Structure formats: structure tokens, C-alpha cells
Amino acid sequence: MISKRIGIVSALLAGIALWRRQARRQQQHAAVAGSPVKPQEVNTWEGEGGALRGSGSQLGPAPSQ
């Protein structure tokens with residue numbers, strides 16, 4: 001009888017702990033999703049004679065000094 005109650009109480013405590021953990025994760029996820037995303041910096045090297053975005057390095061004139 002007592003071991004049955006211990007099993008029920010331990011299962012109940014584990015369920016409450018898992019429920020609180022899930023609620024905390026959802027709250028953190030909502031906070032992260034609401035934050036503004038920093039735009040990715042774009043490299044343009046047209047005047048430098050270097051690589052163009054997405055095409056890799058190019059053979060071309062030496063960079064202007």
C-alpha cells in the first residue's frame with residue numbers, strides 16, 4: 001500500500017517537473033523568436049579586384065592601393 005503511494009507520488013512529481021521544464025523552454029523560445037535578427041553583412045569587392053559574393057576567388061587585376 002505504501003509502496004503504491006510512493007510510486008504514485010514519484011510519478012506525479014516527475015510529471016510536474018517535466019511540465020514545468022517544457023513551459024520554461026516554450027517561454028524561452030518565444031523570447032528568442034521575438035528578438036530582432038541582425039542582418040547578415042554583405043561583402044562587395046568589386047573595386048578591390050577580389051572575390052564576388054557567391055563566386056569564390058577570381059583572377060583579376062591587383063587590388064588598387
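## Exercises on a one-helix chain

The chain holds 1 helix and 0 strands, and the model you are looking at is predicted.

**Exercise 1.** Find what share of the chain's residues counts as buried, and how much area the chain exposes.

*Solution.* Start with the cut-off: buried means under 20% relative accessible area. Now apply it to the 65 residues of the chain: 0% count as buried. Next, turn to the surface, where the chain exposes about 6500 Å². Carbon and sulfur atoms supply 60% of that area.

**Exercise 2.** Decide whether Leu13 is buried or exposed, and say which surface patch includes Leu13.

*Solution.* First, place the residue: Leu13 lies in helix α1. Then recall that exposed means over 50% relative accessible area. Leu13 has 54% relative accessibility, so it counts as exposed. Finally, look at its partners: Leu13 joins Val9, Leu12 and Ile16 in a nonpolar surface patch of about 380 Å².

**Exercise 3.** Work out which residues form the positive surface patch, and locate Arg25.

*Solution.* Begin with the members: Arg20, Arg21, Arg24 and Arg25 form the positive patch. Then trace Arg25 along the chain, and you will find it in helix α1, which covers residues 2-34.

Terms used
Residues numbered from 1 in each chain as written. Predicted model: local features only at pLDDT ≥ 70, side-chain atom pairs only at ≥ 80, totals over all residues. Heavy atoms only, no water. Patch = residues over 30% accessible without salt bridge, like charges linked within 9 Å, V, L, I, M, F, W, Y side chains within 5 Å. Areas by Shrake-Rupley, 256 points an atom, 1.4 Å probe, with all protein chains shown as cover. Salt bridge = Lys/Arg side-chain N within 4 Å of Asp/Glu carboxyl O. Lys, Arg positive; Asp, Glu negative; His and termini not counted. Charge placed at Lys NZ, Arg CZ, Asp CG, Glu CD. Helix = DSSP H or I, 4+ residues; strand = E, 2+ residues; numbered from the N terminus. Buried < 20%, exposed > 50% of the residue type's maximum accessible area, 1.4 Å probe, protein only.
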